[in-house]
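Open your viewer and get a selection command ready. We will go through this protein stop by stop, with something to select at each one.

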Amino acid sequence: AAGQCSPGVSKDTEIWASGIDVGARVWRISIELRSIRLLARTANVFAMYSHEFFKQPRPFRTNPPTLARKNTTVYLPHAFASYTMSATEDEVREQLE
């Protein structure tokens, strides 16, 4: 029947799959910087990034700095960030390529 989704498929998925341009939508993009491995020497490290598309007031940074020993993988604390924005699918693809 009209207006009904296939079992297990959301209406958003059906619209996306049909290729209908629905204009700007709200997107949530998540980034998690999980671990680091230093090859040269031991150091206290943190990871930091920024991206114009996320419209961050300041760069994201893991905190506190973590002791990373040479040739050992360490997991970064507080390394998850989520961003919500309004954009078309084409704008999201263009910005994240």
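Start at the end of the chain and select E97, which is exposed at 83% relative accessibility (exposed means over 50% relative accessible area, buried under 20%, and partly exposed in between, with a 1.4 Å probe and protein chains only). E97 sits in the segment after α2. Add D90, E91 and E94 to the selection: together with E97 they form a patch of negative charge on the surface. Patch members have over 30% relative accessible area and no salt bridge, and like charges are joined within 9 Å. Asp and Glu count as negative, Lys and Arg as positive, while His and the chain ends are not counted. The place of a charge is taken as CG of Asp, CD of Glu, NZ of Lys or CZ of Arg.

A word on what you are looking at: this is a predicted model, in which local features need pLDDT of at least 70 and side-chain atom pairs count only at pLDDT 80 or more, while totals for chains, interfaces and linings use all residues. Residues are numbered from 1 along each chain as its sequence is written, and side-chain values use heavy atoms, with hydrogens and water left out.

**Zoom out: the whole chain**

Switch to a cartoon view. You should find two helices and eight strands, in the order α-β-β-β-β-β-β-β-β-α along the sequence. Helices (H or I, at least four residues) and strands (E, at least two) are DSSP runs, numbered from the N terminus. Of the 97 residues in the chain, 21% are buried. Now turn on a surface: its accessible area comes to about 7,500 Å², with 51% belonging to carbon and sulfur atoms. The areas come from the Shrake-Rupley method with a 1.4 Å probe, and for residues only the protein chains shown count as cover. If you plot a contact map (contact means heavy atoms within 4.5 Å), look far from the diagonal: among contacts with a separation of 6 or more, 64% join residues 24 or more positions apart.

**Helix α2: a charged pair**

How many salt bridges does a search of the whole structure find? The search finds one, where a salt bridge is a side-chain nitrogen of Lys or Arg within 4 Å of a carboxyl oxygen of Asp or Glu. Select R93 and E89 to see this pair, at 2.8 Å from N to O. Side chains of opposite charge can pair when their charged atoms come close. Both residues lie in helix α2 (residues 89-96), four residues apart, or about one turn of the helix. R93 is partly exposed at 45% relative accessible area, and E89 is also partly exposed, at 26%.

**Inside: I29 and F53**

Next, select I29 in strand β1 (residues 25-32). I29 is buried, with a relative accessible area of 14%. Beyond its neighbours within four places in sequence, I29 contacts F53, F54, A81, S82, Y83, M85, V92 and L96. Draw a C-alpha distance from I29 to V92 and you should read 9.8 Å, for two residues 63 apart along the chain.

Step across to F53, in the loop between β4 and β5. F53 is buried at 11% relative accessibility. With neighbours within four places again left aside, its contacts are I29, M85, A87, E91, V92, Q95 and L96. The C-alpha atoms of F53 and Q95 are separated by 6.5 Å, with their positions 42 residues apart along the chain.

**Strand β6: A68**

Select A68 in strand β6. Is A68 buried or exposed? A68 counts as buried, at 0% relative accessibility. Leaving out neighbours within four places in sequence, A68 touches L38, R41, T42, A43, V45 and V74. A68 and A43 are 5.5 Å apart, C-alpha to C-alpha, and 25 residues apart in sequence.

**Last stops: backbone angles**

Most residues other than glycine have a negative phi, and most peptide bonds are trans. Select K55, in the loop between β4 (48-49) and β5: K55 has a positive phi of about 50° although it is not a glycine, and it is exposed at 70% relative accessibility. H78, in the loop between β7 (73-75) and β8 (80-87), also has a positive phi of about 50°. H78 is exposed, at 62%.

Finish at the peptide bond from N63 to P64, which is cis, with omega near 5°. You will find P64 in the loop between β5 (60-61) and β6 (66-68).

Notes:
Patch = residues over 30% accessible without salt bridge, like charges linked within 9 Å, V, L, I, M, F, W, Y side chains within 5 Å.
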